[in-house]
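Dear colleague,

Please find below the structure that I am handing over to you. A short account of what was found in it follows.

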Amino acid sequence: MFADITLNTDTVSGAIAIPSEALVQEGEDYFVYVARTDTKAEKVQVEIGVTTKEYTEVLVGVGVGDKVIVDGKDYLSETNTDINIIKD
């Protein structure tokens, strides 16, 4: 009998973590969409650190208090950054 398990052994104190599903990968680069106002988003390149299924550490690109878009990010692009925040 065999089992596949994931054992997280890293702990990063004071890290900025976002939902892993917020990441957009293009080649070897990672991006997220950040709500800059209630109606506009900005695509921001990020450098990532420790990653799990649920969360990813962001080393560079977003800060504490930034509103990272998770739901609906697939509808955004370089030319379409119009958003409507329905929950905060």
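Strand β2 (residues 24–26) and β3 run antiparallel and are joined by three bridges; strands here are DSSP E runs of at least two residues, numbered from the N terminus, and two strands pair if DSSP finds at least two bridges between them. This is a predicted model, in which local features need pLDDT of at least 70 and side-chain atom pairs count only at pLDDT 80 or more, while totals for chains, interfaces and linings use all residues. Residues are numbered from 1 along each chain as its sequence is written, and side-chain values use heavy atoms, with hydrogens and water left out.

Within the β2–β3 pairing, Gln 25 stands opposite Tyr 30. The two strands form a hairpin with two residues between them, and Gly 27 in the turn has a positive phi of about 65°.

Strand β3 also pairs with β4, in the antiparallel sense, over six bridges. Here Ala 35 has Ala 41 of β4 as its bridge partner, and five residues lie between the two strands of this hairpin. With strand β6 (residues 67–68), β3 forms a further antiparallel pairing over two bridges, where Ala 35 stands opposite Lys 67.

Why is strand β3 (residues 29–35) largely enclosed by the rest of the structure? Five of its seven residues are buried, that is, under 20% relative accessible area (1.4 Å probe, protein chains only).

In strand β4 (residues 41–51) lies Val 46, which counts as buried at 5% relative accessibility. The C-alpha atoms of Val 46 and Tyr 30 are separated by 5.6 Å, although the two are 16 residues apart along the chain.

Yours faithfully

Note on methods: Helices (H or I, at least four residues) and strands (E, at least two) are DSSP runs, numbered from the N terminus. Buried means under 20% relative accessible area, exposed over 50%, partly exposed in between (1.4 Å probe, protein chains only).
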